[in-house]
Amino acid sequence: MPSIRLLNRQRKKRIDLQRLRIFTARALSAVLAEPRPAEPPGEISVIFVSDPRIAEIHRQYMSIDGPTDVITFHHGDIFISVETAERQAREFGTSQEHELLLYIVHGLLHLCGLEDASEQGFQEMRKVQEKIMART
Amino acid sequence: MFGSSRKKLVRQGLACTKVRRKPAHKEWRRRFEANPWVKAAIFGVFVLGLAVLIFSGEHPDPAKYFLIGLLVFVTAVAQLWINHPETFEKNSRVGLVFGVILFHLVVAKLVTVVTGQDNGPIGVLLIPYALAPLVLSVLLGKNNGIYAVIYVSLWSAILFRGIDAFLLVMSLISGFISVFLTIQVRRRSRLLRAGFYVGLATWILALSFGIITIPWLQLGVMDWTLFVKQSAAAILTGVVTAMIVSGALPMLEGIFQITTDMSWLEMADRNHPLLLRLSLEAPGTWHHSDVVADLAEVAANKIGANGAICRACAYFHDIGKLVKPNYFSENIVEGENPHDDLAPTMSALIIIAHVKEGVDLALKYGLNQRIIDVIQQHHGTSLVAYFYQRALQQQRDAREGGKIMNIRAEDIPEVREESFRYSGPKPQFKECGIISLADAVESASRSLEKPTPQKIEQLVSGIISKRIAEGQLDECDLTLQELKIIAETFRFTLQNMLHTRIKYPKDEERAEQESKRLRNLPPASAA
C-alpha cells in the first residue's frame, strides 16, 4: 500500500487535516480494492493550496489561465484548491470536507491509471468515484 | 505466593504487569434472573399495586373489581408463561413487563383523578394509551407489545367506576396502532410519528363514541372551546407519550441490558474513535471490515436475522488488529512481509492474539457485549491453515535434513495442531455466524484473480461447506436453508462489488504532467 501524506500549504480557509487524513486512508484502501490499469506511485502527497497558487500551477504546466479544483501529477502529487472546494460546496450544497475528499479520490483514481478524457472513461470514473465516496 | 513470584519476575524484567481485561462474569445477575422468589416478589408487588389502585378509587364495590383484576392477573401470568417463555424465564424481563404495565395504570388513574369529571369528559382523552405498548414493543418486540396492549386495556377498563367498554376499546385500538407502527423502528423520529397516529386514532374514536361532541351537531350554543381543547388533548397526549418514551428508552435499555435496533444503528457509527484509529493505522483492515459489514447486513436481513446488529458488530470485529496491524495480510505492504523472519508458530501466535486484543480494546472502550461476543467468536475454533501448513512443511524439511545430518527424529520438535487454533468459542448466535462466514468469504475473495460469477460461486459455497464440515456453525442456530440463502446473497453482493470493469486500453503515451478537472461539474464552476 502506498504511503500518503496530507500537507496544508494555505491559510485562507480552515480545514480539519486530521479528519481528512482518516477519510483519505479509507478512500485509498477502497480505491486499491478496485481493479486498476496502472500501479500508483509508492509515495503520494496531497497538497492543499490557495486559488492564486493553483492558478499558477495551472498556467505553468497546462497553459490554462484561472484556478481549478484539482491537478494531479503522475509522480504522485495532488494539488487541491481549498477555496475552489468551498465555492463548489456552496454551489452543489455539499460540505467543504465532502468536496475535498471527492478531489482526493479523483486524484487517487488518476494515479491508478484511470482516465476521464473520453466520454466512456469519464462515466466509468464517475461511477467508481461515487462508489468510493459511499465507502468513505 | 503466585503474586510475589510474579513481582520478582517483573523486577527482573521477565514479566509484564499488565493484566488482560476479561468480560466481568456477572454471577449475581445470572442468579437473580433465575430465582423463583424474585419472580414471586414481582408478582406480589404488582397485585399490591393493583389493589391500591382499585381500592383508592370511587368504586362502589371495590372488592368485586379487585377480584376481577386478580383473575385477569392469573390469566396474564399464564399467558406470559405459555406464549412468551423467553420473557418469563428472565426475572428482569418479567419485572420490566409488569413494572411498565403498573406504571401505565398508575398514570391512567392519576390522570382521571386529577382531571375529575367536572370539566367535561377530557380525562379519558388524557390517558396515555400508548405508553406501555410502545415501551414493551420497542424493547421486547411486537409480541410483548401486543401482550401489553391486551392486559393494560383490560385492567384500565376496571380501574374506574365499573367496567368501561369505551375505554377498553379505545385503549385496545390505540395500543395496537402503536405496536403496529413500531414493529421495526429504526429511527427515533418514527416513535414520534407513531405517537401522532395514536393521538389521531384516539381522537377519531372519541368522536365516534360521542366523547368529543362536534359543535355543529349540537343544539343550542356551539361550544368550540371544549371541542378544540378535547381534540388537542387527544392528539397531544399521543405525541407527548411518544416523546417521554423515547426519552426514557436509553435509560431502560441500560438498566435491563436490552439493545434496541435504534441503538444498534447508533453504534454502527463510522466515526467511533476506534474505527477512526483503525482506518488510519490499519486501512486494509478497515476496508475489510466495511465490506464484511455490507455482506453480513444484507444476508442477515434476507434470513430475518438482525442486520443492524450485523453491521455494528462487523465494523468492530477485527479491532484487535490495531495492536500489530502490519502482521495481517490486508495491511502488508508488498515486499515487506514481517512473517518472513518469523517461525510459523510465532506468526500464528500473533495472528491468533488479535481476538484477545480485540476483546481487550472493546472492554476498554465499553463496547456492547454482543460486539465483544462477535470479536471473540468470529473465528470459532478454526485453524490458521496457512501457517500450520508452513510449520508442517518445515518439519518435513527438518526430518529430511535430519536424516542426512544423523539427528534422531525425536529431537525435531513436533508441530502441535492446537497451537495453530483459535481458542473460540464457536459462534453462539445467528448474527455472529453470518459475520464469521462473511469474514472468511471477504478475505478469500481478495485473492481471486479474475472474479467470474462461477469463481465467486465456487468460493462462497466452498467456504460455507468447509465451515459446516468443521462443525464451526454447530452452535449458532443457522439452519441449512438459511445457509443456502446466505450463500446466495453473498454471491450476489460480491459479484456487484467485484464486477470487472471494461478492459482498459494498455497505456498509450501519457503526458508527464496533466491535469484533470472533475468533468461532472459544469464548466461554469471550474476554472
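**Notes on the two-chain model**

1. Starting with one residue in chain A: A:Asp77 comes out as partly exposed, because 19 other C-beta atoms lie within 10 Å, and the cut-off for buried is 20 or more. Keep in mind that this is a predicted model. A:Asp77 sits in strand β4 of chain A, which covers residues 77–81. Setting aside neighbours within four places in sequence, A:Asp77 has contacts with A:Ser45 and A:Ile47. The pairing with A:Ser45 spans 32 residues in sequence, yet the two C-alpha atoms are 4.9 Å apart.

2. Now chain A as a whole. It has five helices and four strands, and reading from the N terminus the order is β-α-β-α-β-β-α-α-α. The radius of gyration is 14 Å, close to the 14 Å the globule rule gives for 136 residues, so chain A is as compact as a globular protein of that length. Its C-alpha atoms fit a box of roughly 35 × 35 × 30 Å along the principal axes. Of its 136 residues, 43% are buried. Looking at contacts between residues at least 6 apart in sequence, 66% link residues at least 24 apart.

3. Chain B is built from 22 helices and zero strands. Here the radius of gyration is 31 Å, well over the 24 Å from the globule rule for 527 residues, so chain B is more spread out than a compact globule. The box for its C-alpha atoms is roughly 115 × 80 × 50 Å along the principal axes. Buried residues come to 37% of the 527. For contacts with a separation of 6 or more, 73% are between residues 24 or more positions apart.

4. On domains: the assignment splits chain B into domain 1 (27–258) and domain 2 (263–384 + 421–498). Their C-alpha centres are 43 Å apart.

5. Have a look at α10(B), residues 165–181. This helix has 17 residues and reaches 24 Å from its first C-alpha to its last, close to the 24 Å expected. Its buried residues include B:Leu167, B:Met170, B:Ile177, B:Val179 and B:Leu181, along with B:Ser171, B:Ser174 and B:Ser178. Among the elements covering the buried residues are α7 (123–126), α8 (131–140), α9 (142–159) and α11 (188–209) of chain B.

6. The other helix I'd check is α17(B), residues 344–364, with 21 residues. It reaches 30 Å from first C-alpha to last, close to the 30 Å expected, though α17(B) does bend by about 30° at B:His354. B:His354 is itself buried, and so are residues including B:Pro344, B:Ile351, B:Val355, B:Gly358 and B:Asp360. The buried residues of α17(B) pack against α14 (273–281), α16 (307–316), α18 (369–377) and α19 (385–405) of chain B. Just after the helix, B:Gly366 has a positive phi of about 65°.

7. Finally, the nonpolar cores. The largest has 61 residues, and the members touching the most others are B:Ile101, B:Val135 and B:Ala148. Not counting residues up to four places away in sequence, B:Ala148 touches B:Val97, B:Ile101, B:Ala132, B:Pro133 and B:Leu136. Another core lies apart from that one; it has 52 residues, including B:Leu295, B:Val359, B:Val460 and B:Leu473. B:Val359 also appears among the buried residues of α17(B).

Methods. Residues are numbered from 1 along each chain as its sequence is written. Chains are lettered from A and ligands numbered from 1 in the order in which they are written. This is a predicted model: local features need pLDDT of at least 70, side-chain atom pairs count only at pLDDT 80 or more; totals for chains, interfaces and linings use all residues. Helices (H or I, at least four residues) and strands (E, at least two) are DSSP runs, numbered from the N terminus. The radius of gyration is taken over C-alpha atoms; the globule rule is 2.2 Å times the number of residues to the power 0.38. A residue is buried if 20 or more other C-beta atoms lie within 10 Å of its own, exposed if 12 or fewer, and partly exposed in between; C-beta atoms are placed from the backbone. Two residues are in contact if their C-beta atoms, placed from the backbone, lie within 7 Å. Domain bounds come from an automatic or database domain assignment. The expected span of a helix is 1.5 Å times one less than its number of residues. The bend at a residue is the angle between axes fitted to the seven residues ending there and the seven starting there. A nonpolar core is a set of buried Ala, Val, Leu, Ile, Met, Phe, Trp, Tyr and Cys residues joined through C-beta atoms within 7 Å.
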